[in-house]
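This report describes a structure with more than one chain. Please have the sequence and the coordinates open while reading.

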Amino acid sequence: MTEPTSVTTWNGGSVRLAEVPPLPIERFLAALEEAVTDGARVCSLFALPQEGGPLCLVAVLAFDDDGELAVFRSEPGVTAWPSLTLTCPQVHLFERELSEAWGLTPEGHPWLKPVRFAPPRRERGEPRPAAGVIDFYRVEGDEVHEVGVGPVHAGIIEPGHFRFQCHGEEVLHLELSLGYQHRGVERALVGGPNPRSLHYAQTLAGDTSVGHALAYCELLESLSACEVPARAQALRAIALELERLANHTGDLGALAGDIGFLPTASFCGRLRGDFLNLTAELCGSRFGRNFVRPGGVAFDLDAKRVSKLLERLERALSETREAVQLLWSAASVQVRFEETGILSQEDAVSLGVVGLAARASGLARDVRKDQPAGLYRFKQLTVPVLSVGDVYARARLRQLELERSGIFVRELLSALPPGPVKATVGPLSVQTLAVSLVEGWRGEICHVACTDAAGRFASYKVVDPSFHNWSALLLAMRGQQISDFPLCNKSFNLSYCGFDL
Amino acid sequence: MIEVLHTLSRLAMVSFLLRLLLHLAIAVSFPPLLLGIIGKVKAFFGGRVGPPVLQPYRDLLRLFRKGFVFSRTTTWVFRAGPVVGLITVALAMVLMPLGSHRAPLAFGGDVLVFAGLLGLGRFFTVAAALDTGSSFEGMGAAREATFSALAEPGLFLGLMVLVRHATGASLDLMLSTEGTARAWEATPGALVMVAVSFFALLLVENSRIPVDDPATHLELTMIHEVMVLDHSGPAFGLIQYGAALKLFVFASLVVNVAFPVTTGNPEADWVLFLGAVVALAMGVGVLESTMARLRLLHVPRLLVASSILSVFGIILGS
């Protein structure tokens, strides 16, 4: 029998770093490749500085069919390796990130460019390179033209630069440059946890406050072996699903707005606010800030507010249903949505696409089902999956998820378990690695923390679903009309700051 | 109309001039109201109160009070765009009869001048857009040029139906109530086709949904709006006003064909005509509120369909 190459854990689990066998870099890469061939997804890949300085690579892979996670670690002292991107495209951004942040060299990487235009981690005094100032992939030819959009956009959205290579109206290639909002959150979290850590976590992506806060809190609870009371877990799930409801509703409205379909655009814009107000009823913040706390939640719900919430939820859900129904009954909408921005299942698999975008392309990937943690271990959600992968599928899936989440929240609210809403979080275990996955409304949020000998964060790695999915948007745009870009973009609706960290 | 002036008595001349002034005053002051009405209808469908109907006038005032900002990369072509754009539409408006009120200026073959003026205005708008060197504006210019080339056959084919029953080849004779009423009597089916075809032209020429979305902020999807992104202040005001005037001209075109009703009383006819134009604007608002935009690739289909309708009109009318 060969000795194990990895340690198996699960969502919300933790492993002693010493138990993870350090593999020579060749074996580390071969093991990753083999696991990915077997159907694993790369959730996270990062460099972990060891005592004294040398780096080792750590990878967290998800085996969705088994509901397990595998942690791999290389021997310390890695500086270069033959790039894995060629055989395993889903690590392409991780390798670029390692190269940018730590000066490591994935040799033969086909497109080794900066990810966030951040100065290398070891040279703290270095001035930050100007974001987006770099060569882009170019298509040469007589009738080919280049269109650059951003970083300043016409709408109220985040900064990012898109570079289109077009032939007439057809997009041959699209490249994206982000990093304008790089704040260095991962670096700021090192040395924590401290009172600011939670704030850092929940502002990783402003529209996913609950999702990221939950991922952070589950990490702390895993590292301190804290058992979260059942009532708190139910309230957390309610907050997470309300976030999903608000964002999906807003997205459906925005999709309608992008094609100039007024009725749904106007109604969903307001209804998104109604769902946000439900979250405000829960905790006083429309975006769920400071609701999820390590060990539980900050506020309890009394019976009066529960019935008020239920009543308002019911009304918002039925109004949303009506507003969205208009989309499916207008032929002019269907013709715009269908066969626009198709992401093939093959591409989705090879890029490691997560969340809604994956489910619209026929991949039943959902952390709530595959790697359940917290309340989702006891209550299963049905996960709708569509196979076409076009804008229509992504829009339709949002509506289906609205229905499911609506029912789920209603069930939870009507039968809240009794008990306290907060437990105390003790000191963190030392030299331990913990992983937490949360299915935010965009998809899988992955936080991985390693603690040092004093029980502080030695490294904190965040992977927002946008990190995987931006590449999917770029692929889906190939061969599309450039005028359909806003629609495709909105159908993915990815986060810029979640990517920039 | 002007050549008959010298045969008129002094009193008749004064009354003629007064009517001309009223005609021009209405044609100059009414157009922005149409934009306000469309906006109000759209707001109603969206469950909002919406800006006041007179907001477009305030917007124009605001723009005219501002200063200019010109990019250093532009030349006189960029500055000429808005001016030529407005002048050409204004001249086209002079050739257009408004209901039973004859066009202030009419001569045989002014149909070609009408189309030529619109073409010239468009040429300068496109040239001004290209002058900025922006990739967005180049894209918008390409779209505008393509679509307007496809829109022109629809206009001419439709006018061919009308000219058969008119007493001469001027817009005035073809489109004033007298001319179209006669055509309706002869071939109602053909006129329905032409009216629908002209309505499609109105949507295309004025960048309305389903062809273009005048309210969008997404520069990659725009046609007309993206071409004027770099204009500012009074120059942009000229463009906005020109756009309103163009909408009014095309609305008159549609109303002349579709609603050739006269009471015999000039004042009542004004009310009737402007009422019909307002109703048409509301129709455009309703359409915009209930329909999504076409995919850009499908816009030519709409234009070809509009031309085909006019061809059917010719067949029915012959």
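The text below covers the fold of chain B, one of its helices, its contact with chain A, and a hairpin in chain A.

The model is predicted. Chain B contains 13 helices and zero strands. Half of the chain is covered: 50% of its 318 residues count as buried. Its C-alpha atoms occupy a box of roughly 55 × 45 × 40 Å along the principal axes. Among contacts in chain B with a separation of 6 or more, 77% join residues 24 or more positions apart.

Two values for chain B can be set against a simple rule.

| Item | Expected | In the model |
|---|---|---|
| Radius of gyration, chain B | near 20 Å | 19 Å |
| Span of α5(B), residues 110-131 | 32 Å | 31 Å |

The radius of gyration agrees with that of a compact globule of 318 residues. For α5(B), the expected span follows from 22 residues at 1.5 Å a residue, and the distance between the end C-alpha atoms agrees with it. Just after this helix, G133(B) has a positive phi of about 75°.

The contact between the chains involves 24 residues from chain B and 27 residues from chain A. On the side of chain B, the elements giving two or more residues are α2 (31-45), α6 (135-163) and α12 (266-290). That side is made up of ten nonpolar, seven polar and seven charged residues.

In chain A, strands β4 (residues 41-49) and β5 (residues 55-63) are antiparallel and pair over eight bridges. One of the bridges joins P49(A) to L55(A). The two strands form a hairpin with five residues between them, and G52(A) in the turn has a positive phi of about 95°. In β4(A), seven of the nine residues are buried.

Methods:
Residues numbered from 1 in each chain as written. Chains lettered and ligands numbered in written order. Predicted model: local features only at pLDDT ≥ 70, side-chain atom pairs only at ≥ 80, totals over all residues. Buried ≥ 20, exposed ≤ 12 C-beta atoms within 10 Å, placed from the backbone. Helix = DSSP H or I, 4+ residues; strand = E, 2+ residues; numbered from the N terminus. Pairing = 2+ DSSP bridges. Contact = placed C-beta atoms within 7 Å. Nonpolar A, V, L, I, M, F, W, Y, C, P; charged D, E, K, R; others polar. Expected span 1.5 Å × (residues − 1). Rg over C-alpha atoms; globule rule 2.2 N^0.38 Å.
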